[in-house]
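Trainee: I'd like to learn how to read the cysteines in a model like this one. Can we go through them together?

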Amino acid sequence: MHYYRYSNAEVSCWYKYLLFSYNIIFWLAGVAFLAVGLWAWSEKGVLSDLTKVTGLHGLDPVVLVLVVGIVMFTLGFAGCVGALRENICLLKFFCGTIVFIFLLELAVAVLAVLFQDWVRDRVKEFFENNIKSYRDDIDLQNLIDSLQKINHCCGAQGPDDWDFNIYFNCSSESKSREKCGVPFSCCIPDPAQKVVNTQCGYDVRKKSKSQWDDQIFIKGCILALEAWLPRNIYIVAGVFIAISLLQIFGIFLARTLISDIEAVKAACSYRPWPC
């Protein structure tokens with residue numbers, strides 16, 4: 001193993017450059033997320049009018065991409081520079097942030113298990129708020145459509161949740177052509193059709209509920225996700241464990257390098273000449 005040699009302490013090059021390699025992946029991933037997010041915003045015209053961000057009442061998926069990108073870019077930069085320059089402040093910032101994120105993930109997982117009813121209510125509220133903004137943002141629209149198509153579901157608790165959206169609402173005041181309908185992603189796909197029928201959900205909720213089964217999915221997406229989780233518990237647990245191990249490995253590398261640097265500085269402080 002290679003070391004920087006000092007009188008009584010030494011900094012391991014293995015840990016130093018392993019931590020640098022670990023963080024360069026973080027940094028590059030952060031750059032990629034930021035590039036994708038900024039490109040998506042430029043395509044939607046958000047960069048030329050930032051008020052569109054606050055005008056959306058639902059979730060803009062691009063915001064989530066940008067937040068993840070900023071966190072990964074910042075952590076990767078702090079870890080890379082901290083490792084190369086042996087900067088204790090940057091290394092402690094990197095290590096402390098990773099510890100905080102790890103504890104936050106652990107707390108969310110535990111609370112989700114202990115307070116399932118509360119979590120279900122928050123998810124329902126979140127889904128309903130995004131249904132209201134379905135037509136306001138193309139990325140949000142694509143996200144909801146993908147969720148409904150993949151899980152064969154419609155709405156938070158059922159198709160009637162689309163009454164929360166002004167375009168699909170069944171009220172007499174609505175003049176929309178989509179009135180009393182559902183998005184095409186709620187429709188049961190026809191294998192014979194090669195072209196997606198985006199109007200398949202029009203007027204479907206004007207019919208009696210007994211006729212819905214043949215045309216649209218009637219299960220709510222919350223119930224579909226609750227059914228999906230037990231079937232894929234090992235995949236979910238495996239992903240969680242893999243992410244946790246990567247975080248613990250990064251914390252170990254950072255703490256080891258910090259200890260080496262502090263030991264070198266402590267040894268140098270007792271010498272009458274510079275190290």
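**Reading the cysteines**

Mentor: Let's start with one residue: cysteine 180 is buried, with a relative accessible area of 8%. Keep in mind that this is a predicted model.

Trainee: Why does cysteine 180 count as buried?

Mentor: The cut-off for buried is under 20% relative accessible area. Cysteine 180 comes in at 8%, so it is buried.

Trainee: And what is cysteine 180 bonded to?

Mentor: General idea first: a disulfide is a covalent bond between the sulfur atoms of two cysteines. Here, cysteine 180 pairs with cysteine 170, and their sulfur atoms are 1.9 Å apart. Each of these two cysteines sits in the loop between α6 and α7, so the disulfide ties together parts that are 10 residues apart in sequence.

Trainee: Is cysteine 170 buried or partly exposed?

Mentor: Partly exposed, because its relative accessibility is 28% and that class runs between the 20% and 50% cut-offs.

Trainee: Which handedness does the disulfide of cysteine 170 and cysteine 180 have?

Mentor: You read that from the torsion about the S-S bond. For this pair it is about 110 degrees, so the link is right-handed.

Trainee: How many disulfides are there in total?

Mentor: The count is 4. Among them is the bond from cysteine 187 to cysteine 200, with an S to S distance of 2.1 Å. Both partners lie in the loop between α6 and α7, so that bond connects parts 13 residues apart in sequence. Its S-S torsion is about 110 degrees, so it is right-handed.

Trainee: Are cysteine 187 and cysteine 200 buried or exposed?

Mentor: Cysteine 187 is buried at 9% relative accessible area, and cysteine 200 also counts as buried, at 17%.

Trainee: What about cysteine 154, which partner does that one have?

Mentor: Cysteine 154 is joined to cysteine 186, S to S 2.1 Å. This pair links distant parts of the chain: the two cysteines are 32 residues apart, both in the loop between α6 (138-151) and α7 (221-231). The angle about the S-S bond is 85 degrees, and the link is right-handed. Cysteine 154 and cysteine 186 are both buried.

Trainee: Let me try the accessibility reading on two more. How do cysteine 13 and cysteine 95 come out, buried or exposed?

Mentor: Use the cut-off again. Cysteine 13 has a relative accessible area of 16%, so it is buried. Cysteine 95 has 7%, so it is buried as well.

Key: Residues are numbered from 1 along each chain as its sequence is written. This is a predicted model: local features need pLDDT of at least 70, side-chain atom pairs count only at pLDDT 80 or more; totals for chains, interfaces and linings use all residues. Side-chain values use heavy atoms; hydrogens and water are left out. A disulfide is a pair of cysteine sulfur atoms within 2.5 Å. Helices (H or I, at least four residues) and strands (E, at least two) are DSSP runs, numbered from the N terminus. Buried means under 20% relative accessible area, exposed over 50%, partly exposed in between (1.4 Å probe, protein chains only).
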